[in-house]
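I set out to record what I looked up in this structure, entry by entry. The notes follow the order in which I worked.

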Amino acid sequence: MAYNARAFLIRATVKEEEAMIDSDAFVQAMQDMGVNFFTGVPDSILGGIIAELMDRRLYTPAVREDEAVAMAAGAYMAGKIPAVLMQNSGLGTSLNTLISLNMIYRQPCILIVSWRGQGGKDAPEHLVMGEVMPQFLDTMKIPHRTLTEKTALEDFKWVAETFMKQRIPVALFITKGVVKGLHP
Amino acid sequence: MRPEQGTLISRAQAIAALLELLTDQPVIICNGFPSREAHKIADRPTHFYMIGSMGNAPAIALGVALAKPNKQVITFDGDGNVLMGMGTLATVGALKPKNFIHVVFDNEVYGTTGNQPTISNVVPLEKVAKAAGYVNVERVRDRDDLVYEFKDMLKKDGPSMLLIKVNEFAEDAGRILHEPPDLTKRFMKAIE
């Protein structure tokens, strides 16, 4: 997996005034990193990214997050570099797969997780996970980082390096408004 | 009515018959006795033995099948496993990978935990798969039919499901001795 910082830098700086990452720039950065298998379960925050992935015919939809994680593990073993998109509620659904498949078998994937319930401002079902998510992943020993417009270059570099070095799932949190959605 | 021991073949007998028909195809084998028995009968680098993540065997196999469209990918699964990850039948049925064969050993119990009943005695899993979009599905009860149908599925475009009714007998097979990370590496190298 190689990380082509230049390609992303060009796309990211074009949109700097808007302080929001375009979905196509996000997807391109992932592809530049070498990610070539995308699956997941949708979330509104990830809507723009998924639409872009579908446009590029790169997205394999799953019906549950644990299924997506397992599919990504199979793709990894068959030579792909996989990413799984999900709402943070999906971390709960895929907990056992992440632990008893990815962690113990050393099968990495990039988890692109939307941070619903961040700061306590969301629908009630998102508030508990929204509050505990970083500690939850700390407990599972899954490395994580939150994407921001300003640090995007370093964030992607960190994801690629952690994936290669640790060979376990690595999570990139996407907060609302950082990547352009379907309805800006 | 439960499948009585003696009136049906055992899962290990079924696995042995299937493995005789396979060579270097990737085989993803679900957790519990199926992995232990397959490991005891014939340990091949193309076998991926699961020790956890119940319900996920066909999803892993699907990932392999999508990434390697020129390889026929097999998964050995159980009735309890299929029931736990039933959504994956829909995903497979919708995506229709031609190179995907789903073998289900149906003994109507959770064998590893003490033979508690599943509900596959009243839920025909191969019919669920058919309704979800699997192209070929067969339910067999004896060794000759199993061999005939599996040979046929190896020749056909899938996705296919072969459901084999087996008895509750579990082979005296120990735990998998390979370390999980070594299994990952070995499998990756074998299917390159």
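Entry 1, contact range. I took the model, which is a predicted one, and began with chain B. Of the contacts in chain B with a separation of 6 or more, I found that 75% join residues 24 or more positions apart. I looked up the corresponding share for chain A, and there too 75% of the contacts with a separation of 6 or more come from residues 24 or more positions apart.

Entry 2, overall form of chain B. I listed eight helices and eight strands in chain B. The C-alpha trace of chain B extends over about 45 × 35 × 30 Å along its principal axes. I then checked the radius of gyration: chain B has 15 Å, which agrees with the value near 16 Å that a compact globule of 192 residues would have. Buried residues account for 48% of the 192 residues in chain B.

Entry 3, the contact between the chains. How many residues does each chain bring to the contact? I noted 24 residues from chain B and 25 residues from chain A. On the side of chain B that touches chain A, the elements giving two or more residues are helix H3 (57-67), helix H5 (87-95) and helix H8 (180-190) of chain B. H3(B) supplies the largest share of that side, eight residues. Sorted by class, the side of chain B that touches chain A holds 14 nonpolar, nine polar and one charged residues.

Entry 4, H3(B). I asked whether H3(B) is mostly covered or open, and found it mostly covered, with eleven of its eleven residues buried. Among these buried residues I listed Ala57(B), Pro58(B), Ile60(B), Leu62(B), Gly63(B), Val64(B) and Leu66(B).

Entry 5, Met54(B). I located Met54(B) in the loop between strand S2 (47-49) and H3 of chain B. Why does Met54(B) count as buried? I counted 21 C-beta neighbours inside 10 Å of Met54(B), and the cut-off for a buried residue is 20 or more; therefore Met54(B) counts as buried. Leaving aside neighbours within four places in sequence, I found Met54(B) in contact with Asn31(B), Asn81(B) and Met84(B). I also looked up the separation of Met54(B) from Ser35(B): the two residues are 19 residues apart along the chain, and their C-alpha atoms are separated by 12 Å.

Entry 6, chain A in outline. I recorded eight helices and six strands in chain A. Along the sequence, these follow the pattern α-α-β-α-β-α-β-α-α-β-α-β-α-β. Of the 184 residues of chain A, 49% count as buried.

Entry 7, the sheet of chain A. In which order do the six strands of the open sheet lie? I read the order as S2-S1-S3-S4-S6-S5 (chain A), with parallel pairing. Strand S2 (59-61) and strand S5 (144-146) of chain A stand at the edges; each has a single partner strand, so one side of each is left without a neighbour in the sheet. Neighbouring strands of this sheet are turned by 25° against each other on average, direction ignored.

Entry 8, inside the sheet. I followed strand S3 (residues 82-87) of chain A to strand S4 (residues 110-114) of chain A and found five bridges between these parallel strands. Within this pair, Leu85(A) has Ile112(A) in S4(A) as its bridge partner. Helix H3 (residues 47-55) of chain A packs on the sheet and touches strand S1 (37-40), S2 and S3 of chain A. The direction of this helix makes about 115° with that of S2(A).

Methods:
Residues numbered from 1 in each chain as written. Chains lettered and ligands numbered in written order. Predicted model: local features only at pLDDT ≥ 70, side-chain atom pairs only at ≥ 80, totals over all residues. Rg over C-alpha atoms; globule rule 2.2 N^0.38 Å. Buried ≥ 20, exposed ≤ 12 C-beta atoms within 10 Å, placed from the backbone. Contact = placed C-beta atoms within 7 Å. Nonpolar A, V, L, I, M, F, W, Y, C, P; charged D, E, K, R; others polar. Pairing = 2+ DSSP bridges. Axes fitted to C-alpha atoms, helices over the stretch in contact; angles between N-to-C directions.
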